[in-house]
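User: Hi! I am new to reading protein structures. Could you walk me through this one with some questions and answers?

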Amino acid sequence: MKLERSDRGPLWAFLGPAIILMLVFFVIPVIYVAVVSLMKWNGISAPEFRNIRNYMLLFKDKAFIRSVTNNVIWALVAGFIQVPLAMVMAIILSRKPKGWKFFRTVYFFPQVISGIALAMLWRAVYNAETGLLNGILKSVGMGHLACDWLGGIKTAFPAVLIYWVFYVGYYMVIMMADITTIDESYYEAATIDGATDFQQAIHITIPLIRRTSLLTCVTLASVMGLRQFEQVYMLTNGGPANTTSTIVLYMYKKLQDSNYGVASASAVILILVGVVFIVAIRKLFEGRSETVKVKKVRAGK
Amino acid sequence: MSQTRVRPSLQGRELILAVLRWFLIIFFALYTLFPLIWLFISSLKTNFEFLAGSPFALPAVPQWQNYINALTVAGLGRMLLNSVIVGLSATVFNIIVASMGAYCISRFRFNGREKIFTLFTAGILVPLNALMVPYFVIITKLGLINTYGGMILLYCAIGIPMSTFLIRGLMDSIPMELEEAAYIDGCGFFGRFFHIILPLSRTGIVTAATFEFLTCWNEFVFANLLVSSEKLRTIQVGIRYFTNQFSTDYVSMYAAIMISIIPSIIGYILFQEQIIAGMTSGAVKG
Amino acid sequence: MKKALALLLALCMIFALCACGQQAAPAPAAEKPAEAPAAEAPAAEAPAAPAEEIVINFPSVWVGTDSKAPYMEKLIAQFNEENAGSIKVVVEEQTDYQAARDKLRTTITTGNTPDLCILDTTYDIKAYTTSGKFMDLSPYLAEGWGQDFTDGAIDAWSVDGKVCFLPFESAVFTPIYNTKIFNEIGWDHFPATYDEFFQFCKDAKAAGYNAMGQMAGENGWSSMLWYSLIVEAIGGKDVYADGLKNPAFVQAAEVLKQMYDYTFEGALSAGAGDVNGHWLKRDTAIYLNGPWWVANLYKEENAVDGVLLADDCEVAANPKYEGGKGEGGLVTTVQAFLAAAEQTDPAKKEAVVKFIKYLTDPEHVSELALTSGAMFFVKYEPSPETNLISQKLTQVANDADFTIIHVNGAFPTAFSTEFPAAVSALIGGQVDAQGFVDQLQTAIDMAE
């Protein structure tokens, strides 16, 4: 919509509070972090200007490189495995099978449960001696595969990643909210034409949510993947040998060391990586202008 | 002839799809219920059973005492109330500010619109742990340290990027024609916002509100940092009452977690009803 | 756009300056609002003259389920009663230890150091002391108060004659073993040397027992303690003199690696809960932790068939290492320092000192030791009711020819944050013993 002169005042009044909050709580603190990232500072003594030395240190640190790699993998898995899974579930549930309300509520539970509990459970599942996973493997005669999942240098990261991929409730709820706004008449027409549920999903639902909630979810999931901290912190604390570390965990540890400079530098890098992701995802889902067109078609029906 | 050959195969496929569908539904349901059940069982054990026994065994005698412990010793009641106060206030403010912002970004073209939106999206990325020092200073400078206000303001602010992002996503899918028609009928800026956009983006708003509330409910770092008075502590601080420097009273902690989950699950279920009601009455009517 | 950027940068500069500038002005800004909510409830019982009351804010980890909590609560309530109307200590409960550290770091950095705090940092004391953010207690200690502390304890942590960090709680780290398991395997004594120790480990393993608990998950605490013991046994008294350069660190890493063959499965991902669980389960022969854990040995909850774990326990000494310099040594640490924020108001300064003196009063400390099992740097008459294991630990501490602190305390925090990762890299075969030490050194260098 074109901005009318009479709208200009109210527009800024509406946008104002959000922008002020963003400035005070994001822009200024982030600039502060960026400034600190150029310094050597332990929080007690006077800060010393270091130029980009903190960044050089980071790129020389294997643990940091590993953290960045892990986060990128995490973001990709989240965006391109977790979200599609969530989409499948959203489509299934939006066809309102028996008990769909119940299931939709249940799927959201992990979001409600404190992260501590989730991490403690999965530690118990992966435990080498008493763990459920090894127990199952042994009982089906695959005991040779049993191992210390979270302690193995090769197995720890996949173990941390895999269990988490299946918690899809968060994104499912977002997509379901969108799917339910699709006009029923589409599906009615398709059903008359003899299209199966599967065909309807492919030809109606997915194209219609693709540039709205699907894009939202892929972006969100990737960003959440990049920000991953709590689960790793409580499951493995980045171990073994930093193989499950993430950028935020790395940063947190540097904060514990009172190494504010390096911690801030890693935060800056996280933001940069994230911006690259957001832009790339938007490019992948093509320009936004088409969104309007699709929706117009939908509304026109 | 071809008709008869196609139909059974279609039915076969439908059957497979139905089986697959129910397999997925039940798999995901078990997968998500599993932690809750495990948590509940663990919360009824003794610490000795929890530490030394199998993590998946049932308790010999259910220890309801753990719940009494959690409620009385840790004083969870007051903390639940604080969490509700802080969470609800922050959510209300957050949603008001974010939906107004999202409206502007979604419905109007103006200079810097995309830049502002990118800024908001990038906000989701910011690792808040890195901002402990600046946030502490800001809240102190505003004189809001150790008050509900400080927590509410901070939670409201840190949820802005996410809420704006979610609400904008939904507002984008409201057809422009609707608003244009209203505009031609003489409906002003506020009228269009309150009478057309807000009702139609209800699902997005409820989704965003749910997430914002849960963020507040589950936030611990700043709840601990910004408040020192026991009277203002929130539930996440309460859950950690049973940890100390050297050991953790796991079972009481799990009981506390169970207690902290119950209100949010009930709240969520009630909220879900609202979403459903909103969806049926406010479905896009083209 | 450029203007906007310039404005933002300027704002940021101001902001950074504020953050630094605040260091000059001490705490009161933070504690005024802190009074307000606290004042709501007790308004009824407080009689007159609340205007003069000095409030001391004290974020404490000795609360909640901590073993020192019950007596501390009593002590502080008593202090507040004795000084009603003039001084009031307000405890801020900090149960989550890591969160408490994070908060303390943030408040100190932003110039809001609490009036009194509990710190466990041993390495950063110099920087903290010279920062001027903390109160120098040396004049008060010189007035005779210092006599209450064990010999040399205070001097060890003074910087240029200033004592900002008062060593309060101590800890000794020496193995405790399960005599029942030892008897079953056919050992009637604790190994005196590390060679013998590994002989024992083999026997234990053959009999289906874990020799000891190790953990490389969480903060790697148990492995850190074992590593400290080995380092002490090899390097002796002056092992920390040249940082990590002493060859003892590499040798000790080899020994630690061997130990992992005799611990339970999954130690690489294990946390404190796993180590404690195995020890409670009676499938692990030797346990290593601080004195605060003793209380658990006496808990009914942890008894099996009505036998307390303590009844099957014996205190041992760190084994000797062939060719090592560690004989007669003991690994200890300062578990907690008391440190107070610098005060501008002399009356408040006096009040804070009064409270610290009250806390460190030998009589109070004796009771605190009895009720919690913890050990202290204050000289006190141990209560006759002290349990047997605690008595033996005190004996071990008194018998030691010399003490060194554990490795986490001897190096910057960066060492302890990297330690679990380095251990798992060592055990997982990613690095050798030298690589293990190098990895830790790199982590330390990064913070320098």
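User: Which residues does A:Asn71 touch, leaving out those up to four places away in sequence?

Analyst: Happy to help, and please keep in mind that this is a predicted model. To place the residue, A:Asn71 sits in helix α3 (residues 62-94) of chain A. Not counting residues up to four places away in sequence, the ones it touches are A:Gly225, A:Leu226, A:Gln228, A:Thr246 and A:Ile247.

User: What is the distance between the C-alpha atoms of A:Asn71 and A:Leu226?

Analyst: Along the chain, these two are 155 residues apart. In space, the separation of their C-alpha atoms is 5.0 Å.

User: Is A:Asn71 buried or exposed?

Analyst: Let's count neighbours: A:Asn71 has 25 other C-beta atoms within 10 Å. A residue counts as buried at 20 or more. Therefore A:Asn71 is buried.

User: How do helix α10 and helix α13 of chain A run, roughly parallel or roughly antiparallel?

Analyst: The axes of α10 (residues 197-226) and α13 (residues 260-284) of chain A come within 10 Å and cross at roughly 160°. Angles over 145 degrees count as roughly antiparallel. So α10(A) and α13(A) are roughly antiparallel.

User: How many nonpolar, polar and charged residues does the contact of α10(A) with α13(A) have?

Analyst: From α10(A) come A:Val218, A:Thr219, A:Ser222, A:Val223 and A:Leu226. From α13(A) come A:Leu270, A:Val273, A:Gly274, A:Phe277, A:Ile278 and A:Ile281. Sorted by class, that contact has eight nonpolar, three polar and no charged residues.

User: Now chain B: what is its radius of gyration, next to that of a compact globule of 286 residues?

Analyst: Some background first: chain B has 14 helices and zero strands, and its C-alpha atoms fill a box of roughly 75 × 70 × 30 Å along the principal axes. A compact globule of 286 residues would have a radius of gyration near 19 Å. For chain B the value is 24 Å.

User: What percentage of the residues in chain B is buried?

Analyst: The chain has 286 residues to consider. Of these, the buried share is 53%.

User: How many residues of chain C are in contact with chain B, and which elements of chain C give two or more residues to that side?

Analyst: On the chain C side there are 34 residues, in contact with 31 residues of chain B. By class, the chain C side divides into 15 nonpolar, eleven polar and eight charged residues. The elements of chain C giving two or more residues are α1 (2-21), α2 (28-40), β2 (87-93), α4 (97-109) and α11 (272-280).

Key:
Residues are numbered from 1 along each chain as its sequence is written. Chains are lettered from A and ligands numbered from 1 in the order in which they are written. This is a predicted model: local features need pLDDT of at least 70, side-chain atom pairs count only at pLDDT 80 or more; totals for chains, interfaces and linings use all residues. Two residues are in contact if their C-beta atoms, placed from the backbone, lie within 7 Å. Helices (H or I, at least four residues) and strands (E, at least two) are DSSP runs, numbered from the N terminus. Ala, Val, Leu, Ile, Met, Phe, Trp, Tyr, Cys and Pro count as nonpolar, Asp, Glu, Lys and Arg as charged, and the others, Gly among them, as polar. Axes are lines fitted to C-alpha atoms, for helices over the stretch in contact, and angles run from 0 to 180 degrees between N-to-C directions. Angles under 35 degrees count as roughly parallel, over 145 as roughly antiparallel, 65 to 115 as roughly perpendicular and the rest as oblique. The radius of gyration is taken over C-alpha atoms; the globule rule is 2.2 Å times the number of residues to the power 0.38. A residue is buried if 20 or more other C-beta atoms lie within 10 Å of its own, exposed if 12 or fewer, and partly exposed in between; C-beta atoms are placed from the backbone.
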